[in-house]
Amino acid sequence: MSDLPKDPAKPHGPVAVGELSIHVDPDICIGAATCIAIAPNTFLLDSEAKAIILDTADADEENTIIDAARGCPVAAIYIEKNGQRIYPA
Ligand code: SF4
């Protein structure tokens with residue numbers, strides 16, 4: 001685990017993680033932290049309780065990251081693979 005964003009210029013993304021591109025909309029995120037419980041290498045809350053994408057995200061399996069997006073109660077996590085939106089579908 002880390003507490004550093006993968007891209008310091010865009011802590012909420014979109015950032016590339018393997019074949020995925022991950023983006024958290026901080027205006028929608030309510031800091032529920034479900035994503036962090038599911039994919040702790042990928043997500044962490046910043047000082048404003050908004051999820052950021054960590055520089056250790058590559059340590060989480062692709063399916064784990066997608067499960068984290070599915071688990072977000074407000075659907076604040078967007079995932080693309082090879083340029084195609086895969087979540088929300
Ligand atoms: S699960 Fe959703 S609302 Fe909760 S911290 Fe993650 S992105 Fe934000």
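## Strands, a helix and a ligand site

In strand 5, the bridge partner of Ile22 is Ile79, where strands are DSSP runs of E with at least two residues, helices are DSSP runs of H or I with at least four residues, and both are numbered from the N terminus. The structure is a predicted model, in which local features need pLDDT of at least 70 and side-chain atom pairs count only at pLDDT 80 or more, while totals for chains, interfaces and linings use all residues. Residues are numbered from 1 along each chain as its sequence is written, and side-chain values use heavy atoms, with hydrogens and water left out.

The pair Ile22 and Ile79 belongs to a larger pattern, since strand 2 and strand 5 (residues 77-81) run antiparallel and are joined by five bridges; two strands count as paired if DSSP finds at least two bridges between them. Strand 2 (residues 20-24) also pairs with strand 1 (residues 15-17), in the antiparallel sense and over three bridges, and here Ser21 of strand 2 is the bridge partner of Ala16. These two strands form a hairpin with two residues between them, and Gly18 in the turn has a positive phi of about 60°. On its other partner, strand 5 is joined by three bridges to strand 6, again running antiparallel, with Tyr87 in strand 6 as the bridge partner of Ile79. Strand 5 and strand 6 form a hairpin as well, with two residues between them, and Asn82 in that turn has a positive phi of about 50°.

In a regular strand the side chains alternate between the two faces of the sheet. Strand 2 can be read with this in mind: Leu20, Ile22 and Val24 make up a covered face, whereas Ser21 and His23 make up an uncovered one.

Helix 2 (residues 62-71) has Ile65, Ile66, Ala68 and Ala69 as buried residues, buried meaning under 20% relative accessible area, exposed over 50%, and partly exposed in between, with a 1.4 Å probe and protein chains only. These buried residues cover an arc of only 155° around the axis, which puts them on the same side of helix 2; the arc is that of the directions from the helix axis to the C-beta atoms. Asn63 and Arg70, on the other side of helix 2, are exposed.

Most residues other than glycine have a negative phi, and most peptide bonds are trans. Ala49, in the loop between strand 3 (43-45) and strand 4 (51-53), has a positive phi of about 60° although it is not a glycine, and Ala49 is partly exposed, with a relative accessible area of 33%. Ala75, in the loop between helix 2 and strand 5, likewise has a positive phi, near 50°, and counts as partly exposed at 29% relative accessibility. A cis peptide bond joins Gly13 and Pro14, with omega of about 5°, and Pro14 lies in the segment before strand 1. The peptide bond from Tyr87 to Pro88 is also cis, with omega near -10°, and Pro88 is placed in the segment after strand 6 (84-87).

The last stop is the ligand. Among the 13 residues around the ligand, Cys29, Ala32, Ala33, Cys35 and Cys72 come nearest, a residue being near if one of its heavy atoms lies within 4 Å of the molecule.
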